[in-house]
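Trainee: Please take a close look at one part of this model and explain how that part is set among its surroundings. I would like a connected account with the cut-offs stated.

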Amino acid sequence: MSRYKHLPNSFFTENRKRFIKELKPNSIAIFFSNDLMPRSADGFHNYRQNPDFYYLTGIDQEDCMLILFPDAPVASQKEILFLKETNEHIAVWEGAKVNKEQGKELSGVNNIQWNDNFNASLNGLMFQAEHVYINLNENDRSGSEVAYKDLRFANELKTRFPLHKFERSGPIMAKLRSIKSKEEIDTIQQACNITEKALRQVLKTTKPGMYEYEVEAEIISTFIKNGATGHAYAPIIAGGANACVLHYVDNDQKLKDGDLLLMDFGSEYACYASDLSRTIPVNGRFSARQKEVYNACLNIHNEAKKMMSPGVTLNDFNIEVKKMMKSALIDIKLIDKNLSEKEQMALTQKYYPHGTSHFMGIDVHDIGNRYAIIQENMCFTIEPGIYIPKENLGIRIENDIIVKNGDNIDLMKNIPITIEEIEDLMN
């Protein structure tokens, strides 16, 4: 029994069908689950499934493989899912893994085998195929130096079968995963709903003298109580000047009376992320200057939500919001209107050094092409920020939206966001 409701296997079956349509004739595609990541001694980090593997199978455990071969000479070999078999040791120390019947029910794949059969099955199939699709991490934000399973196997496969024609699964997966189905939108909405509960709990409990990690404790407690698997990413709980460190995650300082608290967190539910940023006054009341900067950021947030639409690219959208932010920073006296355009944009980058939006889905920074045209049912964050280190002041306001031809769907529309809403709930 899982803590979350699984997506129906028809969702994963349809995803495989859509992927197969993009393949060249006589192609085989191979996907691996993620490795268990060692922590130290005999310990491992909490397991996180490879997002592409999950998207195609619904299986959320290690040591699994998927072969797709739509032109296989035998019908049963068109889809094969390999699972880790439970032995007596695993049963005692870890608990039973997904069995064949459960694997079929979760994934919709009929041919389920134990992973011991993978190499023998693959060898026979490879000689029937011409093209081999390898799935590497092609997220343009990736900077990991770890040689993960797909990459290690790609190098092995090229040595074993040097005359095959190797292809990239990454661009296909980016194309498919960036357009969200109804099932995905509903799942992300559930993650957002749990995140809303956590924020409301924080608004009730935050006060001067608390530590940032005590706020984090309220968040994770609410997540777990409501069926989330945990954080979708490392939470940022940043009081005062800490808010000007964009990826601050120490969360260990005392919250001071008169400071603002910037929080960037989101729950993960059924392997899908949510991503929220809110900035609140530690003592429950914004000062006049804090209100001025907050409302400037909120106005940009609201306008950016309207600007995000099919037909533009994410890259161009981020550039246009940056220009809009420049005008806002002039209005709140952070930039001199008499400076040159070049000087103004340089200062805009200083006070607002990140983009406004990123793709979101199974990964909080989901895969997608920022230079391709935005389409309906893509999911993005909207997260402008203003950071003023000399004032110990950082503000970021972030919601998650689904792009529509018309009014976009704000998945966080019910989460408190205005000064009045935040102050009322804190008092």
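Mentor: What follows starts with one helix and then turns to some other places in the chain.

This is a predicted model, in which local features need pLDDT of at least 70 and side-chain atom pairs count only at pLDDT 80 or more, while totals for chains, interfaces and linings use all residues. Residues are numbered from 1 along each chain as its sequence is written, and side-chain values use heavy atoms, with hydrogens and water left out.

The part I would choose is helix H12, which runs over residues 341-351 (helices, H or I of at least four residues, and strands, E of at least two, are DSSP runs numbered from the N terminus). Gln-344, Thr-348 and Tyr-351 are the buried residues of H12, where buried means under 20% relative accessible area, exposed over 50% and partly exposed in between, with a 1.4 Å probe and protein chains only. Because these three cover an arc of only 70° around the axis, they sit on the same side of H12; the arc is taken over the directions from the helix axis to the C-beta atoms. Lys-342 and Lys-350, in turn, are exposed on the other side of H12. The cover over the buried residues of H12 includes H11 and strand S16 (385-388).

The packing of H11 against H12 can be followed residue by residue. Their axes lie 9 Å apart and meet at an angle of about 90° (axes are lines fitted to C-alpha atoms, for helices over the stretch in contact, with angles from 0 to 180 degrees between N-to-C directions). H11 is therefore roughly perpendicular to H12, a label for angles of 65 to 115 degrees, with those under 35 roughly parallel, those over 145 roughly antiparallel and the rest oblique. On the side of H11, Lys-322, Met-325, Lys-326, Leu-329 and Ile-330 take part in the contact, and on the side of H12 they meet Glu-341, Gln-344, Met-345, Thr-348, Gln-349 and Tyr-351; contact means heavy atoms within 4.5 Å.

Two loop residues can be placed relative to these helices. Pro-310 belongs to the loop between helix H10 (288-307) and helix H11 (314-331), and with a relative accessible area of 27% Pro-310 is partly exposed. Once its neighbours within four places in sequence are set aside, Pro-310 is in contact with Ile-374, Glu-376, Val-403, Lys-404 and Asn-405. Lys-100 is 210 residues from Pro-310 along the chain, and the C-alpha atoms of the two are separated by 42 Å. The other loop residue is Asn-377, located between H12 and strand S15 (379-382), and its phi is near 75°, a positive value in a residue other than glycine.

A positive phi also occurs at Asn-26, which is not a glycine and has a value of about 60°. Asn-26 is in the loop between H1 and strand S1 (27-32), and its relative accessible area of 25% makes Asn-26 partly exposed.

H1 itself offers another helix pair to set beside the one above. Helix H1 (residues 9-20) packs on helix H4 (residues 100-107) at an angle of about 70°, with the axes 6 Å apart, so H1 is roughly perpendicular to H4. Asn-9, Phe-12, Thr-13 and Arg-16 make this contact from H1, and Lys-104, Glu-105, Leu-106 and Ser-107 make it from H4.

Ser-107 appears again around Leu-81, a residue of strand S5 (residues 79-83) that counts as buried because its relative accessibility is 0%. Not counting residues up to four places away in sequence, Leu-81 touches Phe-53, Thr-57, Ile-59, Met-65, Leu-66, Gly-103, Ser-107, Val-109, Asn-111, Ile-112 and Gln-113. Gly-311 lies 230 residues from Leu-81 along the chain, with 38 Å between their C-alpha atoms.

Gln-77 is in the loop between strand S4 (65-68) and S5, where its relative accessibility of 25% makes it partly exposed. Gln-77 touches Phe-69, Ala-72 and Leu-125, again leaving out residues up to four places away in sequence, and its C-alpha is 8.4 Å from that of Ile-67, at 10 residues' separation in sequence.

Finally, the structure holds zero disulfides, a disulfide being a pair of cysteine sulfur atoms within 2.5 Å. The sulfur of Cys-297 has that of Cys-244 as its closest cysteine sulfur, and because the distance is 12 Å, the two are too far apart for a bond. Cys-297 counts as buried, because its relative accessibility is 0%.
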